[in-house]
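Hi,

Here is the structure I promised to pass along, with my notes below it. Have a look at the model first, and then read on for what turned up.

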Amino acid sequence: MPDLPPTATDLARAVLARETTPQALLNAARARAEAARDLNVLISLNDRADEQAARVQDRLDSGETLPLAGVPIIVKDNINVTGTRTTCGSRILANYVSPYDATVVERLTGAGAVIVGKANMDEFAMGSSTETSAYGPTLNPWDPGRVPGGTSGGSAAAVAANLTPVALGSDTGGSIRQPAAFTGVYGLKPTYGRVSRYGLVAHASSLDQIGPFARSASDLALLTNVIAGHDPRDATSLEVPPAFRAGTPDDLRGLKVGVIRESLSGNTPGVEAVLNATLDALRGAGAIVTEASVPSVEHAIAAYYLISMPEASSNLARYDGMVYGERVPAPDVAHSMTRTREEGFGPEVKRRILLGTYALSSGYYDAYYAKAMRVRRLIAQDFARAFEGVDLLVTPTSPFPAFRRGEKTSDPLAMYAADVDTVAINLAGLPALSVPAGFETVEGVRLPVGIQFIAPALQDERLVTLAGGLEGIGAVRVEPAPGYGG
Ligand code: GLN
């Protein structure tokens, strides 16, 4: 196995020790992005990155100690970076240049990171494969014939192909965890409210959370300590200061882990094998593994779409060509708006606007939206009950590894079903981490498999502690994707 490329922790240390410079790291990241062009990871580069690198250098020269000193990072294209396009993977925002930084971006650059570019994504974060992007699909670095997962497929591929050691994505129903699983890296979806959504373009506001992709538990801790924490500009932001650290095998002793029974059927043999191997490793390290049940998860996908689509239909009402983005001219305003939306949005986004508006309309609201909200409460209660006896819950992140490009594009329900293990967690607002835990060989190709650990609300730290412990006992399998080593 080739050497692993350096982590963000390694790079910051090297910059602080004056062994390299932020500019040198930026140049190297750009060169790797250029070499990996075929993967279609980035929608745009950050023209101000050189300025940012120079500013970090000045701050270091004046004696500041920055936790992310010179670390190059890629962020999903629904997160605003001043002076850079925020397309959300949509034609309708093709030329929208953000006048401000998202809170997470402000915190990253404040900590010394340099934003290299903006990652490809499913249009408005709707999908599970990064194939609905108006800028073409991102390819999986493990097999270019397969999807990297979605909707943060660009961010996941960026880390898997080592364009940068870390990246940010967003997760409404699985969009950090599933692409992390498909590309063999970590992906953390924090508790709703722990990371500010200010400057994140809304998909479904009650479900959206920003989170990190990384190749090591230390990097997860490093990055999440920077981006999490209270922000007065996000009304749903919680006043819980982050205290993340990568744990050790000692942290696994006596840990109570419950396997969610409802997630045990329908998995591929490889996914089942990786789950069992992970549970065996946990037992070997002194953890207590039991079965748990969250019966209402069987309704999670239906409830998720009946909640996320109405929220999306409201959030997307603002894109009419009048204030943001592209405008298709017409003799009068109403026709201009109609044509702008007709030409600017892709088919999946249109489907969701129509279904979402329908579910909210008078006469259907109670039957659909209000009922889904009741299911949401039930799911949250079931999780709370399941956590009464255990510290963490566990499921596969996805029932199968990365699927082939085009395999599900003509069947929206099959695409929605890909999120079977992840959406319930967003409905309950809980934190969850996809851990790269092994591989399954499919048609002769070795593909990564992710295992999802879920913590009680606000106990996000437990997940990163666990990740460090799993690394310590050799239960984490991070490898460079073939051809993208250190
Ligand atoms: N696949 C889910 C959807 O299409 C989740 C997307 C996401 O988490 N942004 O809505």
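To start with the ligand: how far is an oxygen atom of the ligand from an N or O atom in the side chain of R352? The distance is 2.8 Å. Please keep in mind throughout that this is a predicted model.

R352 is not alone in making such an approach to the ligand. A polar atom in the side chain of S175 is 2.6 Å from a ligand oxygen, and D419 places a polar side-chain atom 2.6 Å from a nitrogen atom of the ligand. The protein covers 100% of the 290 Å² of accessible area that the ligand has on its own.

As for the wider surroundings, the ligand is encircled by 15 residues, and the closest of them are G127, G173, S175, Y304 and D419. Sorted by class, this shell holds 4 nonpolar, 8 polar and 3 charged residues. The place where the ligand sits is the largest cavity.

Next, the annotations. Which residues does UniProt list for "active site"? The entry, which is unreviewed, gives K76 and S175. These two span 100 residues in sequence, but their C-alpha atoms are no more than 10.9 Å apart, so they gather at one spot. From this set, S175 belongs to the lining of the largest cavity, and that cavity is also where the ligand sits. S175 is thus worth finding in the viewer, as one of the closest residues to the ligand. K76, for its part, is in strand β2, which runs over residues 72–76.

The same kind of record also supplies a domain: the unreviewed UniProt entry annotates residues 25–463 as "domain: Amidase". Across residues 25–463 the chain is 35% helix and 15% strand. The C-alpha atoms at the two ends of that stretch lie 29 Å apart.

Finally, two backbone details that you may like to check by eye:

- G150 and T151 are joined by a cis peptide bond, with omega at about 15 degrees. T151 falls in the loop between β3 (114–119) and α5 (153–160).
- N40 has a positive phi, near 55 degrees, although N40 is a residue other than glycine. N40 lies in the loop that separates α2 (22–35) from β1 (42–45).

I hope this makes a handy starting point, and I look forward to hearing your thoughts.

Best wishes

Note on methods
Residues numbered from 1 in each chain as written. Predicted model: local features only at pLDDT ≥ 70, side-chain atom pairs only at ≥ 80, totals over all residues. Heavy atoms only, no water. Near = heavy atom within 4 Å. Polar contact = N/O pair within 3.5 Å; in protein donor to acceptor, adjacent residues only side chain to side chain. Areas by Shrake-Rupley, 256 points an atom, 1.4 Å probe, with all protein chains shown as cover. 1 Å grid on protein atoms, 1.4 Å probe; cavity = no way out; pocket = protein on both sides within 12 Å on 5 of 7 lines; lining within 4 Å. Sits in = over half its atoms within 2 Å of the grid points. Nonpolar A, V, L, I, M, F, W, Y, C, P; charged D, E, K, R; others polar. UniProt positions renumbered as here; feature names shortened; annotations may be inferred. Helix = DSSP H or I, 4+ residues; strand = E, 2+ residues; numbered from the N terminus.
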